[in-house]
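Let's take a walk through a protein model together. Have your viewer ready, and keep the sequence at hand for the numbering.

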Amino acid sequence: NINEQGKYKILLDIDGNSFSERTTRLMLTGSTVFKIFDFKDFVTEQIRPWEHYIPVRMDLEDLEENLQWAKEHDE
């Protein structure tokens, strides 16, 4: 439920076998979106990393570092 997810400060948006159709809805919650994507679509062509979302590598190697950055930049 998207309303439940909006209660969290950070949300993960992960592509699967195709692009994630949740990106726009998650961005409207006011939460910080960590975007893990492998596919481009209309939405991902329009949004910019570190402005609209925090990018995370598919292997999640930078997830902990980016979580720490988000905590330090809570605004």
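The paragraphs below go from the sheet to a polar contact, the aromatic pairs, two backbone angles and a pocket.

What you see is a predicted model, in which local features need pLDDT of at least 70 and side-chain atom pairs count only at pLDDT 80 or more, while totals for chains, interfaces and linings use all residues. Residues are numbered from 1 along each chain as its sequence is written, and side-chain values use heavy atoms, with hydrogens and water left out.

Let's begin with the sheet. Helices (H or I, at least four residues) and strands (E, at least two) are DSSP runs, numbered from the N terminus. Two strands pair if DSSP finds at least two bridges between them. Three strands form an open sheet in the order β1-β2-β3, with parallel pairing. The edge positions belong to β1 and β3, each having a single partner strand, so one side of each has no neighbour in the sheet. As background, the strands of a sheet pair through backbone hydrogen bonds, either parallel or antiparallel.

How many bridges join β1 to β2? There are five, and the two strands run parallel. To find this pairing in your viewer, look for L12, whose bridge partner in β2 is F34. On the other side, β2 and β3 pair in the parallel sense over two bridges, and there P55 in β3 is the bridge partner of K35. K35 itself sits in strand β2 and counts as buried at 2% relative accessibility; the cut-offs are under 20% relative accessible area for buried, over 50% for exposed, and partly exposed in between (1.4 Å probe, protein chains only). The C-alpha atoms of K35 and I14 are 6.2 Å apart in space, although the two residues are 21 apart in sequence.

Strand β1 (residues 10–14) deserves a closer look. Its side chains alternate: L11 and D13 point to one face and are buried, whereas I10, L12 and I14 point to the other and are not. D13 has 0% relative accessibility and therefore counts as buried. What does the side chain of D13 make a polar contact with? The partner is the side chain of T23, at 2.4 Å. Here a polar contact is a pair of N or O atoms within 3.5 Å; within protein, one must be able to donate a hydrogen and the other to accept it, and residues adjacent in sequence count only if both atoms are side-chain atoms. T23 lies in helix α2 (residues 23–27) and is buried too, with a relative accessible area of 2%.

Next come the aromatic rings. A search of the whole structure finds two aromatic pairs. In the pair of F37 and Y53, the ring centres are 6.0 Å apart and the planes stand at 70 degrees, so the pair is edge-to-face. The criteria are these: rings of Phe, Tyr and Trp (its six-membered ring) pair if their centres lie within 6.5 Å, and planes under 30 degrees apart count as stacked, over 60 as edge-to-face and the rest as tilted. F37 lies in the loop between β2 (32–36) and α3 (42–46), and Y53 in the loop between α3 and β3 (54–55), so this pair ties together parts that are 16 residues apart in sequence. F37 is partly exposed at 22% relative accessibility, whereas Y53 is buried at 6%.

The other pair, W50 and W69, is also edge-to-face, at 4.9 Å centre to centre and 75 degrees between the planes. This pair links distant parts of the chain, 19 residues apart: W50 is in the loop between α3 and β3, and W69 is in helix α4 (residues 63–72). Both rings belong to partly exposed residues, with a relative accessible area of 44% for W50 and 33% for W69.

W50 also stands out in its backbone. Most residues other than glycine have a negative phi. W50, not a glycine, has a positive phi of about 70 degrees. L60 has a positive phi of about 65 degrees, again without being a glycine; L60 is placed in the loop between β3 and α4.

Finally, turn to the largest pocket, which is lined by 18 residues, with T32, I54, H73, D74 and E75 nearest its centre. A pocket is found on a 1 Å grid over the protein atoms alone, as an open set of points where a 1.4 Å probe fits, with protein on both sides within 12 Å along at least five of seven lines; lining residues have an atom within 4 Å of a point. The largest share of this pocket's lining, three residues, comes from α4.
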